[in-house]
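Biologist: I have just opened this entry and would like to learn how to read it step by step. Could you walk me through it?

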Amino acid sequence: MAIKWRVKRMAEARGMNVSQLAEAGGMAYSSALDYWHGRARRIDLATLERICEALKCTPCDVFEYLPGVKEEDIESLDLDAALVSTI
């Protein structure tokens with residue numbers, strides 16, 4: 001299974017850029033950029049909570065579950081966010 005980030009999509013839908021997300025979420029710009037581009041491989045609950053508060057959403061909105069998708073298939077599917085984890 002694969003899980004991908006939807007932070008960029010959620011933020012853009014709210015008219016936010018990376019800098020605004022970082023400020024609203026109380027995080028470093030580089031961290032916000034990693035979440036934005038789906039490069040982060042892990043997230044702690046406090047950071048997830050701050051992102052959800054900044055985006056006015058739930059954790060379910062921040063991720064997308066892709067059943068049956070393997071890590072090596074992500075690029076060929078042209079998904080807009082990177083893999084968070086595989087099981």
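**Reading the model together**

Biologist: Let's start with one side chain. At 33% relative accessibility, does Arg9 count as buried, partly exposed or exposed?

Modeller: Keep in mind that this is a predicted model. Buried means under 20% and exposed means over 50%. The 33% of Arg9 lies in between, so this residue counts as partly exposed.

Biologist: Which residue does Arg9 meet in a salt bridge at 3.8 Å?

Modeller: A salt bridge needs a nitrogen and a carboxyl oxygen within 4 Å. For the side chain of Arg9, the N to O distance is 3.8 Å. Arg9 lies in helix α1 and its partner in strand β2, so the pair ties together parts that are 55 residues apart in sequence. The partner is Glu64.

Biologist: What other residues are linked with Arg9 and Glu64 in a network of salt bridges?

Modeller: Glu64 meets one lysine side chain at 3.5 Å, N to O. Glu64 lies in strand β2 and this lysine in strand β1, so they join parts that are 60 residues apart in sequence. Glu64 also meets an arginine at 4.0 Å, N to O. The network linked with Arg9 and Glu64 therefore also takes in Lys4 and Arg6.

Biologist: How far apart in sequence are the parts tied together by Glu64 and Arg6?

Modeller: Glu64 sits in strand β2, while Arg6 is in the loop between β1 and α1. Their salt bridge therefore ties together parts whose separation in sequence, in residues, is 58.

Biologist: Lys4 and Glu64 are partners, but which of them is buried?

Modeller: Glu64 has 26% relative accessibility, so it counts as partly exposed. The other partner has a relative accessible area of 4%, which falls under the 20% cut-off. The buried one is Lys4.

Biologist: Let's zoom out. In what order do the elements of the protein run from the N terminus on?

Modeller: There are 5 helices and 3 strands to place. From the N terminus on, the order is β-α-α-α-α-α-β-β.

Biologist: What share of the contacts with a separation of 6 or more comes from residues 24 or more positions apart?

Modeller: The chain has 87 residues, and 37% of them count as buried. Among contacts with a separation of 6 or more, the share from residues 24 or more positions apart is 67%.

Biologist: Which aromatic residues form one cluster?

Modeller: The count of aromatic pairs comes to 2. In one of them, Trp5 and Phe63 are tilted, at 5.0 Å centre to centre and 45 degrees between the planes. That pair links distant parts of the chain, with Trp5 in strand β1 and Phe63 in strand β2, 58 residues apart. The cluster is made up of Trp5, Tyr35 and Phe63.

Biologist: How wide an arc do the buried residues of α3 cover?

Modeller: The buried residues of this helix, which spans residues 29-36, are Ala32, Tyr35 and Trp36. They lie on the same side of α3, because the arc around the axis is only 100 degrees.

Biologist: Besides α1, α2 and α4, what else is included in the cover of the buried residues of α3?

Modeller: The helices in that cover include α1 (7-13), α2 (18-25) and α4. A strand, residues 2-5, is included too, and its name is β1.

Biologist: How many disulfides are there?

Modeller: A disulfide needs two cysteine sulfur atoms within 2.5 Å. The sulfur of Cys57 is 4.3 Å from its closest cysteine sulfur, in Cys52, which is too far for a bond. Cys60 is in no disulfide either, since the nearest cysteine sulfur, that of Cys52, is 8.7 Å away. The disulfide count is 0.

Biologist: Cys57 or Cys60: which one is exposed?

Modeller: Cys57 has 14% relative accessibility, so it counts as buried. The other cysteine has a relative accessible area of 65%, and over 50% means exposed. The exposed one is Cys60.

Biologist: One last puzzle. Which residue has a positive phi of about 50 degrees although it is not a glycine?

Modeller: Most residues other than glycine have a negative phi. Gly38, just after α3, has a positive phi of about 70 degrees, but you asked for a residue that is not a glycine. Look in the loop between α4 (45-55) and α5 (59-62). There, counted as exposed at 70% relative accessibility, you will find Lys56.

Key. Residues numbered from 1 in each chain as written. Predicted model: local features only at pLDDT ≥ 70, side-chain atom pairs only at ≥ 80, totals over all residues. Heavy atoms only, no water. Helix = DSSP H or I, 4+ residues; strand = E, 2+ residues; numbered from the N terminus. Buried < 20%, exposed > 50% of the residue type's maximum accessible area, 1.4 Å probe, protein only. Arc of directions from axis to C-beta. Contact = heavy atoms within 4.5 Å. Phe/Tyr/Trp six-rings, centres within 6.5 Å; stacked < 30°, edge-to-face > 60°.
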